[in-house]
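Visitor: I'd love a friendly walk through this model. Could you show it to me first, and then take my questions one by one?

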Amino acid sequence: QVQLVESGGGLVQAGGSLRLSCAASKYTFITYAMGWFRQAPGKEREFVAAISRSGGTTRWSDSVQGRFTISRDAAKNTVYLQMNSLKPDDTAVYYCAAGDFPRLANVAYWGQGTQVTVSS
């Protein structure tokens, strides 16, 4: 059974915005903190952002703080990553993940990944 389904990636110009969505099973949504990692070509996968199970607390990587917003909708079992002021360095495959707060250690489930490409 697929636990995490992502959508919303694409191509955008520098300075633009995109919103990623990650739909989870109800069990996953209520059991784990959720968030996002990304992996650029030739680089290791890195933590981007996470939101606690209650939705009351968030954590960010330094590289995206102030530009990205993470939120969760309990009615839809969905987590969102709103990405503003995008830069070419944000180009990567973005992966939704469910794990332990605050930085999603011990990831229990991964999404399939969605490509985000930011052109200069």
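Guide: Happy to. This is a predicted model, where local features need pLDDT of at least 70, side-chain atom pairs count only at pLDDT 80 or more, and totals for chains, interfaces and linings use all residues. Residues are numbered from 1 along each chain as its sequence is written, and side-chain values use heavy atoms, with hydrogens and water left out.

Visitor: How many salt bridges are there?
Guide: Side chains of opposite charge can pair when their charged atoms come close. A salt bridge here is a side-chain nitrogen of Lys or Arg within 4 Å of a carboxyl oxygen of Asp or Glu. By this rule the count is 3.

Visitor: Which residue forms a salt bridge with Glu-46?
Guide: Glu-46 is partly exposed, with a relative accessible area of 34% (buried means under 20%, exposed over 50%, partly exposed in between, using a 1.4 Å probe and protein chains only). Its partner counts as buried, because the relative accessibility of Arg-38 is 5%. The closest N and O atoms of the pair are 2.6 Å apart, and the partner of Glu-46 is Arg-38.

Visitor: How many residues apart are Asp-90 and Arg-38?
Guide: These two also form a salt bridge, with 2.9 Å between the closest N and O atoms. The pair links distant parts of the chain: Arg-38 is in strand 4 (residues 33-39), and Asp-90 is in the loop between strand 8 (78-83) and strand 9 (92-100). Helices (H or I, at least four residues) and strands (E, at least two) are DSSP runs, numbered from the N terminus. Along the chain, Asp-90 and Arg-38 are 52 residues apart.

Visitor: Which residues are joined into one network by salt bridges that share partners?
Guide: Arg-67 and Asp-90 meet in a salt bridge at 2.8 Å, N to O. Arg-67 lies in the loop between strand 6 (58-60) and strand 7 (68-73), while Asp-90 lies in the loop between strand 8 and strand 9, so the pair ties together parts 23 residues apart in sequence. Both count as buried, Arg-67 at 11% relative accessibility and Asp-90 at 2%. Through shared partners, the network takes in Arg-38, Glu-46, Arg-67 and Asp-90.

Visitor: Which residues touch the most other members of the largest nonpolar core?
Guide: A nonpolar core is a set of buried Ala, Val, Leu, Ile, Met, Phe, Trp, Tyr and Cys residues joined through side-chain atoms within 4.5 Å. The largest one has 28 residues, and the elements giving two or more residues to this core are strand 3 (18-24), strand 4, strand 5 (46-51), strand 7, strand 8, strand 9 and strand 11 (114-119). Those touching the most other members are Met-34, Trp-36, Phe-68, Leu-81, Met-83 and Tyr-94.

Visitor: What is the handedness of the link between Cys-22 and Cys-96?
Guide: The structure holds 1 disulfide (a pair of cysteine sulfur atoms within 2.5 Å), and the sulfur atoms of Cys-22 and Cys-96 are 2.0 Å apart. Cys-22 is in strand 3 and Cys-96 in strand 9, 74 residues apart. Both count as buried, with 0% relative accessibility for Cys-22 and 0% for Cys-96. At -80 degrees about the S-S bond, the link is left-handed.

Visitor: Which side chain makes a polar contact with that of Thr-28?
Guide: Thr-28 sits in helix 1 (residues 26-31) and is buried, with a relative accessible area of 0%. A polar contact is a pair of N or O atoms within 3.5 Å; within protein, one must be able to donate a hydrogen and the other to accept it, and residues adjacent in sequence count only if both atoms are side-chain atoms. At 2.8 Å, the partner of Thr-28 is Gln-3.

Visitor: What is the radius of gyration of the chain?
Guide: The chain has 1 helix and 11 strands. The radius of gyration is taken over C-alpha atoms, and the globule rule is 2.2 Å times the number of residues to the power 0.38. For 120 residues that rule gives 14 Å, and the chain comes close to it, so it is as compact as a globular protein of that length, with a radius of gyration of 13 Å.
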